[in-house]
Amino acid sequence: MFNICLISLGCDKNTVDSEEMLGVLASRGYNIINDETEADAIIVNTCCFIKDAADESINTIFEMAELKKDRLKYLIVAGCIAERYKDEVRSELPEVDAFVGTSATCDIADVLDRLREGGGSPDAYRSLEELPVIEADRVLTGAPYYGYLKIAEGCDKRCTYCAIPSFRGRYRSYPESILIRQAEQMAESGVKELILVAQETTCYGVDKGGKKTLHQLINKLSKIEGIEWIRILYAYPEEIYDELIEEMASNPKVCHYIDMPLQHTEDRILRRMGRRLNKERIYEIVEKLREKIPDITIRTTFITGFPGETEEEHEALLDTINELEFDRVGVFTYSPEEGTPAAGFEEQVPEELKERYKNDIMELQQDISYEINQSFVGKSLDVMIEGYIPDDDVYAARSYRDAPDVDGFVFVKCDYEPVSGSIIKAKIISAGEYDLIGEAEE
């Protein structure tokens, strides 16, 4: 028996790639394990979206390479680092036995076969024009009751701070038939919450026929037996369109939740970022979403300390956040990425100022989040049980307002033992800045 351990780093889109590679390996007869010390081969699926992610990937590679002193036979590096630095990795990382590019994940078992046979070039790369379509069923690695469905690959936006198009390629939508089949397989395995991801979900279908068809895909996914919640992440705000809003408002399986990264709100910074919207359009989008879906939860992200950002623009951003009162906010300090236009911009902002800007936003958002959460006290919410916390004698759960790993929890007191993944009603009895406290209703 040949044991394979795969370490997945980075975002949920990488998680999907990892699960697909595991599916290919399992279908080829390889044994999948979680303990790297018992592995014959280790695959590190890397991320390099920002410097911290790249550093984590490199450190993990070196850590795993140490295991070659014991039983480990092969170390394979897949994903973003393998693709972005494919001209350098072979000489810079001699500890690695093979590299697999972002469009070649379907070749992972062939790579391993070649290594074991000792013949041919072990590396696998394909054109970034190709879609890495995998026929084998995914091996789901997270909680059994929710899963990510990657609906597209690549990006056409070319934001000045982002290198993703250079190692993920142009925007390519996966065919509906493949996504439906994958979602059906996930539902059969117990997945109840389907979370749609891509570099950008809202442009789904544009590359196929020139029209956005995410609303049609969602409608078809909602008809799959067993799927109870559908959640949308990475929706570029300027691409949110009326038919999508209508589908969200009218389809009972679609969570009234949207993740739409803004990155900033001030026009000059947005232009320097290469973003395709302005402040006026931001207000219009938020107003329309709240008008059509009154209970919608809006999550967004901001980048602080972008080159040239002034104190006045930072204060204006704070004012906009205060006015629009987003439900959820994530904040990242600007990281100059090799090969991007913004890395060469003048007026780079000092790290300590970036951190202060970030802290200002987070402090403001804490107050906003607290007030919004207080408005739920006394109300009932459907919540999905995540697990039991014995020290507090409560169950951790999520409502439609909470995406896994990035948002808060509803901690539920319960007189019975609900099964993880079950959806129950909870009455909210108190609230903090990020989490709610509830009691299970009969």
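Ala-396 of strand β15 stands opposite Phe-411 in β16, and that pair is a handy way into this fold. Strands here, like helices, are DSSP runs numbered from the N terminus (H or I and at least four residues for a helix, E and at least two for a strand). Before going on, a word on the model: it is predicted, so to speak of local features a pLDDT of at least 70 is needed, side-chain atom pairs count only at pLDDT 80 or more, and totals for chains, interfaces and linings use all residues. Residues are numbered from 1 along each chain as its sequence is written, and side-chain values use heavy atoms, with hydrogens and water left out.

**The barrel**

Back to β15. This strand (residues 394-398) pairs with β16 (residues 410-413) in the antiparallel sense over three bridges; two strands are said to pair if DSSP finds at least two bridges between them. β16 is also joined to β18 (residues 436-440), by four bridges and with the two strands running parallel. Along that second pairing, Val-410 stands opposite Leu-436, and Lys-413 has Glu-439 as its bridge partner. What do these strands build together? Five strands close into a barrel in the order β14-β15-β16-β18-β17, with mixed pairing. From one strand to the next, the twist averages 50°.

**The open sheet**

There is also an open sheet of five strands, in the order β2-β1-β3-β4-β5, with parallel pairing. Its edges are β2 (31-33) and β5 (98-100), each with a single partner strand, so one side of each has no neighbour in the sheet. The twist averages 25° from one strand to the next. Within this sheet, β3 (residues 41-46) and β4 (residues 74-79) run parallel and are joined by six bridges. One of the matched pairs is Val-44 with Val-77 of β4.

Here are the strand pairings described so far:

| Strands | Sense | Bridges |
|---|---|---|
| β3 (residues 41-46) and β4 (residues 74-79) | parallel | six |
| β15 (residues 394-398) and β16 (residues 410-413) | antiparallel | three |
| β16 and β18 (residues 436-440) | parallel | four |

**Helices on the sheet**

Helix α2 (residues 51-65) packs on the open sheet and touches β1 (3-8), β3 and β4. Contact means heavy atoms within 4.5 Å. The direction of α2 makes about 175° with that of β3. For such angles, axes are lines fitted to C-alpha atoms (for helices, over the stretch in contact), and values run from 0 to 180 degrees between N-to-C directions. Helix α5 lies across β1, β3, β4 and β5, running at about 155° to β4.

α5 (residues 108-117) also packs against α1 (residues 12-27), at an angle of about 55° and with the axes 8 Å apart. That makes α1 and α5 oblique to each other; the classes are roughly parallel under 35 degrees, roughly antiparallel over 145, roughly perpendicular from 65 to 115, and oblique for the rest. Which residues make the contact? On α1 they are Met-21, Val-24 and Leu-25, and on α5 they are Ile-108, Ala-109 and Leu-112. By class, this contact has six nonpolar, no polar and no charged residues. Nonpolar covers Ala, Val, Leu, Ile, Met, Phe, Trp, Tyr, Cys and Pro, charged covers Asp, Glu, Lys and Arg, and the others, Gly among them, are polar.

**Three loop residues**

Leu-128 sits in the loop between α5 and β6 (146-150). Is Leu-128 buried or exposed? Leu-128 is buried, with a relative accessible area of 18%; buried means under 20%, exposed over 50%, and partly exposed in between (1.4 Å probe, protein chains only). Its C-alpha atom is 6.5 Å from that of Arg-168, 40 residues apart along the chain. Leaving aside neighbours within four places in sequence, the contacts of Leu-128 include Glu-83, Thr-102, Phe-167 and Arg-172.

Gln-263 has a positive phi of about 75° although it is not a glycine. This residue lies in the loop between β11 (254-259) and α11 (267-273) and counts as buried, at 11% relative accessibility. Glu-325, also not a glycine, has a positive phi of about 50°. Glu-325 is in the loop between α13 (311-324) and β13 (328-333) and is partly exposed, at 42% relative accessible area.

**The whole chain**

In total, the protein has 14 helices and 18 strands. Its radius of gyration is 22 Å, close to the 22 Å that the globule rule gives for 442 residues, so the protein is as compact as a globular protein of that length. The radius is taken over C-alpha atoms, and the rule is 2.2 Å times the number of residues to the power 0.38. Of the 442 residues, 56% count as buried.
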